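User: Could you take a close look at the inside of this protein for me? I would like to hear about its largest cavity, and then about how its nonpolar residues pack together.

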Amino acid sequence: MTKAPLPTNEAARLAALHQYNILDTTPEEAFDDLVRLACYIFKTPIALITLVDSERQWFKARIGLDVSETSRDVAFCAHAILRPEEVLVVSDALDDERFAVNPLVTSDPNIRFYAGAPLITPAGSALGTLCVIDKVPRTLTPEQVEMLRILSRRAITELELRRDIGRLNQEIAAREQAEAALSRQVKTLATIYEASQQISAKLELESIYQVAHQAVGQLMPAEVFVVSVLDEAAGEVEDVYLYDRSGRSPNRRLSLMKGKGISPTVITTGESLLLNDWDEATAKKLGAEAFGDGIDTRSHLTVPLKINEKVIGAIGAQDYRPNIYTREHEQALSTIANQIAVAISNAKLVQTIRQDEERFRTLVENIPEIFWLSEPNQGKIIYVSPAYETMWGRSRESLYENGRSYLDAIHPDDQARVKAALLETGLGKKQEFRILKPDNSLHWITAQYFPLLDQNGKAYQIIGIASDITERKLTEQAASRLAAIVNSSQDAIIGKTLSGIVVDWNVGAEHLYGYTAAEMINRPISILVPPDRPDEVPQLLARIRQGESVEAFETERFTKDGRLLPVSLSISSIRDSTGQIVGASTIAHDITERKLLEKLRADLTDMIVHDLRNPLSGIMLAIDILETESLQPKHRNLLDIVGNSTKHMLELVNTILDVGRLESRQMPVDRQPVALSNLIAENLKSQNPLANSKQIRLVNQVPASLPPVLIDAGLIGRVLQNLVGNALKFTPKAGEIQISACVDLDNPAMLRVMVTDTGPGIPPKLQYMLFQKYITGKNLERGSGLGLVFFRLAVEAHGGRIWVESVVDHGTTFTFLLPLAPK
């Protein structure tokens, strides 16, 4: 058997075949009629319309065969398509070496005779054949060969017709979809335009809400419609307009600070919220008060109401069915929301003026800013506040007489720009310009205009406010000078991209590292990093990308001459005008001298501690022996004093050792799951005698149901014991000390523990120093001050942190975080 080679145009031929989208389609009468006609004309038991794919030949129409396809390797038609201009006639397959051992010849269907006319496309590609097959040898006359060609051309005609009809159907469907989409879009735009006109013409809030309600009902399904407005002063969201099936619902107030519900979430984030299957899980995630936010709706679409990117409220549509709203609905609702926000803002402003004009006048006449109301078309000032006379140095009467006389004071270089702005009536237009007062003093002014629009969208009045920003401008100039001072700092100040490429290199950096700015700019900062710290710069930059800052990060850097220099780094983000983080600024300080002093002090402390510990242990042993002796009362008292003092000194030495081991991370921390409530109960039990003697209540408010913490019980027990002991020391008679705990809201993997007393409190100037060495909690004088350092180091060794909050004369709370044990 000879396998047919591939045609020279095989790739183009297969591409043409696939364009007809006919492979593996269902039988079609036109093609079935052709094979029936072929069987009738040629008196054969088998007739096929075949299509030759890359690995198979597939039969679009067949008579006399049960299979729908065969392998291309055994296909007669694979040979026929090699010569598209000819009809392949095999009179006796057994006498043809190409097919004599072909399984289609030697077994079912036992082909002896084959004649196949290629199916040739108008472009000349042979897709397959129309063939007739018999189980006995045969020959064809020239007339029969031509008839087979005619049938194959008819098959191609049917293929072309089928493809053209398919394309036409697709074009018709696409056109119908486009027309339907255009119709919907036109209807939506018309509804939005009409609603916008009506909303803009309304100056009453209730009328605005009603028009918006009607418009949204035309734009989308809306079984429930809600308008929520932010009360910034109270920090709350009020549903000022809410309709459901039962009609108008009473107002509901939700706390924005807690972020509960759909509208407060949208108002807080400033982003639209599309929920197509509201359920209990979604309600819990959004902190809603109840399933469905109080209404059993399933689909929710809520968008923010914004004025100059400031969120003032939200509007939403809801439906009782799931999967109702689309992004097209969201776009339409967002468009109409812009008009509603403007209308609400205008209506509130007008309402304020109408409701209490006298109070308004009292307010604007006593503020340092200028407030005015004008008619732009007539150039007339209706009202201007007294601040105009102070800020402009001219009388209000002159402005009432000539509404444009204020322009005379504007600096000549700024007049054209300010006059051009008078022709614009966009909401919230803002300008900065200079004025010259009669005494020739130069002042900077910022002015903002808010148009009141009529039903045609034209401004019939403009409300404006102006402020003197001369001081701010002077501050900006001072800031510029300060930047120059910073650039001359002796510390290294380096600017770099978020990928670590240096873009700024001050003189201090040249002095510190030895590289000039020309040598470092546009080169990676990693040049300075020791090779054993390859991940340090990427990790620091990753924190900056997340909006963090790095304070006093101690590390080492190479100088140009190869010295390893200890430095302290403070890194902060650099933001562009939009607030986007685009780089990092590093201040590097040489801490060589401090490191030497710290090592010297550590060595000295270590020497003193070790030289004291053994003698103190000997003294304690001697005291223990003496206590067994019979002593006179006065000697016994002296022995107690010596014993207590020595014990205190030994505890101090041990604390110094513990602090040193914690700082150097050499102290073993045996962390095990511990029930915090039991640990606290044991510690409070040992403190009860002293608390009772001072009539101080010890209150354990730690629930036994809290999950266990993963801690070294000994270390944390000492922290608790000393924190309560300190509280007992400073809490006055009849006071109270509470210990409470809960899972931390910001980090659910940590437990927050609080020790609160009713003592005199800690002054603010001392609070930030408490966890430093040698600072005591009583005053700013030097003392041992190691207990609080031990607390901090012990907590940090567990991956937590500790801090203090205190109000003078009201008490103090020490709070620390501990890791929860894995579940």
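Analyst: Happy to help; here is a walk through the largest cavity, followed by the nonpolar cores. Please keep in mind that this is a predicted model.

Let's begin with the empty space. The model holds 3 cavities of 30 Å³ or more, and the largest cavity encloses about 140 Å³. Its lining is made up of 14 residues, and those nearest the centre are K496, I525, R557, L569 and T586. Three elements each give two or more residues to this lining: β19 (492–497), α17 (536–545) and β22 (564–575). Of these, α17 supplies the largest share, with 4 residues. Sorted by class, the lining has 11 nonpolar residues, 1 polar residue and 2 charged ones.

Now for the packing. The largest nonpolar core counts 39 residues, and L676, V709, I739, F816 and L818 have the most contacts inside it. Helices and strands both feed this core: two or more residues come from each of α20 (676–693), β26 (709–711), α21 (713–730), β27 (736–743), β28 (750–757), α23 (786–796), β29 (802–807) and β30 (811–819). The largest share, 8 residues, belongs to α21.

I739 is a good residue to centre your view on. Leaving out residues up to four places away in sequence, I739 touches I680, L684, V699, N700, Q701, V702, V724, V753, M754 and V755. Apart from this core there is another one, of 32 residues, including L219, M220, F225 and L333.

Key: Residues numbered from 1 in each chain as written. Predicted model: local features only at pLDDT ≥ 70, side-chain atom pairs only at ≥ 80, totals over all residues. Heavy atoms only, no water. 1 Å grid on protein atoms, 1.4 Å probe; cavity = no way out; pocket = protein on both sides within 12 Å on 5 of 7 lines; lining within 4 Å. Points joined across faces, edges and corners; volume = space filled by probe spheres on them. Nonpolar A, V, L, I, M, F, W, Y, C, P; charged D, E, K, R; others polar. Core = buried A, V, L, I, M, F, W, Y, C linked by side-chain atoms within 4.5 Å. Buried < 20%, exposed > 50% of the residue type's maximum accessible area, 1.4 Å probe, protein only. Contact = heavy atoms within 4.5 Å.
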